[in-house]
Amino acid sequence: MAGTGPHVSSGTLKNSFDRRSFVLGAMQGGVGLLLAARMGWIAVFQNAKYELEAESNRVNLTLVPPRRGWILDRNGAPLASNKTDFRVDIIPDRLVDPERSINLLGGLLNLSAIEVQDLKDKIEKARGFQPVEAAAGLDWDRFAAVSVRLPDLPGVIAQRGFSRFYPTGPAVGHLIGYVGPASAKDYEEERNPLLVTPGFKIGKDGLEKTFEKELRGEPGARRVEVTAGGKIVRDLDSRDDVPGKPVQLTIDGPLQDYAARRLGLESGSVVVMDCQTGDILCAASMPSFDPNRFANGIGRIEWKMLSDDDHVPLRNKVLRGLYPPGSTVKPMVALAFLEAGLDPEETVGCGGGLRVGNRVFHCWNRRGHGTVNMAKAIYQSCDVYFYHFAQRIGMEKIAVMAKRLGLGESYPLPVPGQSYGTVPDPAWKLKKYGKEWAVFDTVNATIGQGYMLVNPLQQAVMAARIASGNVLMPRLIHGQKPPLVTSLGFSQEHLDFVHKAMSDVVNGPGTAGRAKLPIPDVLMAGKTGTAQVVGLNISSGKGGQWKYRDHGHFISFAPFDKPRYACAVVIEHGGGSGAAYPVARDVMTFLFDPAKAMEVLSGMEAGWGGTPQQRMEAKYRVAAAQYGVGAPKVSDQDQQSATGAQNQPSEAPPQPIASAAASPPPEPVAEASTAASPVPQPAPSPSAMPLQGPTP
Amino acid sequence: MSGSIVPESIARQPWRVLVPLTALVLFGAAVLYSAASGNLRPWAITHVVRYGVFLAAALIIARLPREWFKWAAYPAYAGILFLLVLVELMGAIGGGSQRWLNLGFMTLQPSELMKPAIVLVLARFFDSLPPGLTVSWRGLVPGVGLIAIPAGLVMIQPDLGTALAITFGGVVVIYLAGLPLRWFIGAGAAAAVAVPLAFFFLLHDYQRNRVLTFLDPESDPLGTGYHITQSKIAIGSGGFFGKGFGNGSQSHLEYLPEAHTDFVFATMAEEWGMLGGLFVLLVFGLILRWGFQVARNSPDRFSQLLATGMTTTIFFYIAINLMMVMGLAPVVGIPLPFVSHGGSSMMTNMICIGTIMAVERWRTRGGLSG
């Protein structure tokens with residue numbers, strides 16, 4: 001090529017230029033061919049691949065969250081439904097300037113400082129494309145205000161959708177649970193794009209969680225053309241969603257609401273069962289949370305309010321509350337005596353206590369009941385009678401009877417968990433504590449104290465089984481074929497005897513005279529129970545600090561001669577059974593004459609500051625004013641198991657080994673009283689009663 | 001071209017290049033019109049107007065005599081070098097890098113002017129160099145120095161694409177000037193060693209990323225690989241006949257970045273398909289062939305070197321841009337001549353065209369000087 005020879009002239013340079021420019025031209029032509037070939041490869045041979053990629057760029061398949069199946073009561077009225085609403089969601093990963101966007105959004109949506117803080121918490125916690133709800137249930141004006149600003153707010157989605165609506169709010173909170181956005185954990189378990197679709201909610205607790213599969217339905221889809229920035233240009237086509245299936249419960253909606261409201265300011269629960277089928281008509285636990293407010297995540301104030309409340313509004317007391325049942329076990333024990341062949345007319349003299357060996361076990365009535373037979377022992381709730389004959393019959397038979405009647409049992413119900421408590425017997429104690437069964441254990445157990453722990457549902461089942469004599473299983477789902485109800489095999493004579501004695505508790509000379517139904521021809525039978533929470537050396541159980549007061553129990557059924565409904569009421573720290581039976585009376589009244597019962601309730605609610613929803617709102621306002629944005633953050637785990645945290649133990653919590661007989665707390669109303677005041681009056685305080693120990 | 005009806009002043013215009021060039025610019029304007037969702041603003045109108053202005057400038061350049069070019073070569077080179085230094089100083093004072101000077105009525109990017117200027121100054125240098133010295137160090141060292149100084153200044157701006165364009169234009173002129181081939185082979189070998197070193201020690205992070213991404217665009221589809229991936233999707237989805245004018249989803253829905261500047265070819269190819277691509281390549285082929293023919297037909301060394309160098313400068317723009325949009329080269333921010341929207345690129349390329357036209361005119365008009 002270009003010579004390196006000694007002589008270079010302009011001629012050689014000209015030749016060199018010609019050659020080299022030719023090479024350069026050829027090279028450029030080669031590059032041109034290469035480019036044409038490359039283009040042919042991309043545009044023609046790989047056309048299908050790139051067409052697909054362009055299409056997947058252009059077209060965005062948006063899932064439309066399916067309408068959730070309704071949850072219905074036994075009559076088909078909705079306990080949980082959906083309502084259309086305008087909502088705004090945020091996809092945190094798509095936010096360009098989160099701080100600015102959220103503040104702008106807060107202004108447009110008119111959010112308070114607290115709500116903005118809650119929103120920031122949620123965004124901070126969200127991972128990946130997990131959408132965060134900024135607001136739901138918006139009115140048109142606010143929705144429109146956000147919609148027109150969407151171009152300035154990348155990552156913000158404003159759409160029309162459905163949100164879950166619980167017409168009776170807190171009344172069904174524990175029973176039905178609530179829905180919420182899927183958590184990162186949910187998404188890890190079920191890699192379904194629907195879970196990260198804005199506006200989609202899954203069941204977080206209660207029946208909403210259990211029946212998630214049925215309720216969810218099939219998402220619809222919408223194909224839209226989107227820009228690279230996620231802006232929707234136009235709709236291409238869409239497919240309708242398939243709504244979830246409804247779930248019909250055995251619950252009687254109005255009754256559930258009534259019972260929840262009737263619990264008022266107390267912490268307690270009401271369970272009503274159908275004595276023929278075992279249908280659970282009502283399972284109210286109060287105070288509760290409003291599942292409507294949980295749907296978009298739990299705010300700081302809300303969380304603080306709920307977790308600080310000593311009435312544990314996050315615990316479903318119907319299934320998770322374990323209590324010593326107190327004297328409500330006495331009809332059961334009596335039935336065990338009868339089945340064991342005890343003559344009901346056999347008597348014992350009650351002088352206020354019973355000496356066994358060198359120890360004295362006291363009756364709740366220190367003055368004594370005089371001569372007591374079985375009927376009187378039930379309606380007057382005489383402890384001495386049961387101390388005496390329980391020793392003769394033995395704990396094993398009593399424990400067997402308790403289990404036959406459903407205590408200590410976990411029922412096959414579609415609920416996230418039950419605490420089934422303890423029915424103690426000698427074998428159990430030996431296994432658990434390695435100690436022999438002692439006399440005082442029997443004494444404690446026969447009056448529903450000591451190791452014995454039950455939940456309110458079990459108490460209702462016990463009442464229903466005593467009432468019907470049948471093996472009734474509680475049912476929550478309506479429309480299944482009627483259960484095959486088998487008899488427990490008790491003699492009708494024994495049942496009649498116990499029924500009569502329980503009727504006398506209310507309608508005769510018993511401990512709950514004020515529980516008499518205000519309905520002609522319908523007599524309610526029942527049994528009071530007062531369960532001690534702490535020893536009498538700490539508190540009398542009647543007044544003083546709330547958390548030391550006795551639990552009040554009442555089990556009942558009506559009509560007593562032809563049992564239709566069974567009901568169990570537990571009032572935590574109510575100060576005794578006097579707090580429980582007025583509730584049972586009014587709930588039972590509602591079943592026979594709703595108008596009359598409502599009248600009583602409205603009078604009471606006026607004094608309590610409105611319905612539970614109204615009271616919760618007032619409380620929230622106070623808390624919001626008090627804490628402002630200073631409330632602590634809700635941790636991820638808290639949020640995950642808002643109720644679960646309060647509901648963890650499904651077995652009885654560890655109890656101290658009993659070393660003595662518990663002292664039976666007094667029944668508040670010893671005589672059939674005619675006073676009709678719904679607020680229980682504590683009976684004359686038997687403050688002289690010390691916690692019993694061995695007496696020398 | 002010269003008919004009796006057509007006036008001579010019109011007939012002697014270089015129609016061989018003006019016709020394809022104007023066609024290409026108008027086609028580019030159509031693509032820009034579509035890229036703006038069917039609007040003449042903001043791109044299509046200014047594109048055509050700029051072409052008009054710079055075409056007028058090119059026709060004026062074409063009338064300048066050879067002596068003027070020779071006379072202006074060194075002062076122009078020195079002046080632009082001064083501007084490059086000025087830009088560098090202003091950037092150092094103002095903080096951060098700066099590539100342009102604000103002249104009030106327009107922003108001037110001196111590195112753009114350097115592309116034709118390097119060709120001009122080298123053509124002048126080798127023209128005046130006695131042939132015997134061409135193969136000696138006295139030919140090589142000044143030539144390399146003339147390239148290295150502006151290329152270095154542009155490189156530290158940092159503007160890798162333009163620095164490469166300057167280097168390429170300069171090296172091609174040196175090559176054509178007849179310097180011994182072994183020097184080029186030696187330089188190539190040195191580059192083979194130096195490039196990896198430069199890659200790891202000299203390039204900025206973003207430049208390094210672009211190179212890495214070019215080697216494997218799918219490794220980072222949402223980051224720096226995004227450009228190449230989306231560009232290939234646009235070209236590939238166009239197929240042979242394209243999606244039709246105004247139907248390009250990649251550009252209209254903003255998936256394609258820089259759809260009206262660096263990636264305008266992808267915008268075009270999506271709507272016009274391979275057919276449009278072949279048209280663009282053909283027009284470029286015609287323009288470049290014209291440039292080469294002008295050079296080969298030139299009687300003197302200065303004209304030859306100048307015309308070939310200018311042609312090659314245009315070629316470099318085209319080749320790098322098209323290789324980039326088709327995924328054959330890293331993303332270096334070089335626009336496609338006459339099609340991409342952008343004043344600087346239009347100016348540089350029209351200066352090149354004007355210069356080639358001038359060379360053509362020197363031959364056809366004989367020894368006439370202005």
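This briefing describes the chains, the contact between them, and selected helix and strand packings.

The structure is a predicted model, in which chain A has 25 helices and 19 strands, whereas the secondary structure of chain B comes to 14 helices and 2 strands. Chain A contributes 39 residues to the contact with chain B, which in turn contributes 45 residues.

**Chain composition and burial**

- Chain A comprises 696 residues, of which 51% count as buried, and residues 24 or more positions apart account for 76% of its contacts with a separation of 6 or more.
- Chain B comprises 370 residues, of which buried residues make up 51%, and residues 24 or more positions apart account for 69% of the contacts in chain B with a separation of 6 or more.

**The contact between chains A and B**

- The contact takes 39 residues from chain A and 45 residues from chain B; on the side of chain A that touches chain B, helix H1 (10-45), helix H2 (47-58) and strand S8 (220-226) of chain A each supply at least two residues.
- Helix H1(A) gives the largest share of the side of chain A that touches chain B, namely 19 residues.
- By residue class, the side of chain A that touches chain B divides into 18 nonpolar, 14 polar and 7 charged residues.

**The sheet S1-S8-S9 of chain A**

- Strand S8 of chain A, which supplies at least two residues of the side that touches chain B, also belongs to an open sheet of 3 strands in the order S1-S8-S9 (chain A), with antiparallel pairing.
- Strand S1 (59-64) and strand S9 (232-239) of chain A stand at the edges of this sheet, and each has a single partner strand, so one side of each is left without a neighbour in the sheet.
- On average, neighbouring strands of this sheet are turned by 30 degrees against each other, with direction ignored.
- Strands S8(A) and S9(A) run antiparallel and are joined by 6 bridges; Arg222(A) has Ser238(A) in S9(A) as its bridge partner.

**A hairpin in chain A**

- Strand S14 (residues 353-356) and strand S15 (residues 359-362) of chain A pair in the antiparallel sense over 4 bridges, and Leu354(A) has Phe361(A) in S15(A) as its bridge partner.
- Strands S14(A) and S15(A) form a hairpin with 2 residues between them, and in the turn Gly357(A) has a positive phi of about 60 degrees.

**Helix packing in chain A**

- The axes of helix H10 (residues 253-262) and helix H22 (residues 581-592) of chain A come within 10 Å and cross at roughly 155 degrees; because this angle is over 145 degrees, H10(A) is roughly antiparallel to H22(A).
- The crossing of H10(A) and H22(A) is right-handed, and in this contact Leu255(A), Tyr258(A), Ala259(A) and Arg262(A) of H10(A) meet Val583(A), Asp586(A), Val587(A), Phe590(A) and Leu591(A) of H22(A).
- The residues of the contact of H10(A) with H22(A) divide into 7 nonpolar, no polar and 2 charged.
- Helix H16 (residues 383-393) and helix H19 (residues 439-446) of chain A have axes that come within 9 Å and cross at roughly 125 degrees, which makes H16(A) oblique to H19(A).
- This crossing of H16(A) and H19(A) is right-handed, and the contact is made by Phe386(A), Tyr387(A), Ala390(A) and Gln391(A) of H16(A) together with Val439(A), Thr442(A), Val443(A) and Thr446(A) of H19(A).
- The residues of the contact of H16(A) with H19(A) divide into 5 nonpolar, 3 polar and no charged.

**Helix packing in chain B**

- In chain B, the axes of helix H10 (residues 225-238) and helix H12 (residues 264-297) come within 7 Å and cross at roughly 20 degrees; because this angle is under 35 degrees, H10(B) is roughly parallel to H12(B).
- The crossing of H10(B) and H12(B) is left-handed, and the contact brings Ser231(B), Ala234(B), Ile235(B), Ser237(B) and Gly238(B) of H10(B) together with Ala266(B), Thr267(B), Ala269(B), Glu270(B), Glu271(B) and Gly273(B) of H12(B).
- The residues of the contact of H10(B) with H12(B) divide into 4 nonpolar, 5 polar and 2 charged.

Key. Residues numbered from 1 in each chain as written. Chains lettered and ligands numbered in written order. Predicted model: local features only at pLDDT ≥ 70, side-chain atom pairs only at ≥ 80, totals over all residues. Axes fitted to C-alpha atoms, helices over the stretch in contact; angles between N-to-C directions. Parallel < 35°, antiparallel > 145°, perpendicular 65-115°, else oblique. Left-handed = near helix turned anticlockwise from the far one by under 90°. Contact = placed C-beta atoms within 7 Å. Nonpolar A, V, L, I, M, F, W, Y, C, P; charged D, E, K, R; others polar. Pairing = 2+ DSSP bridges. Buried ≥ 20, exposed ≤ 12 C-beta atoms within 10 Å, placed from the backbone.
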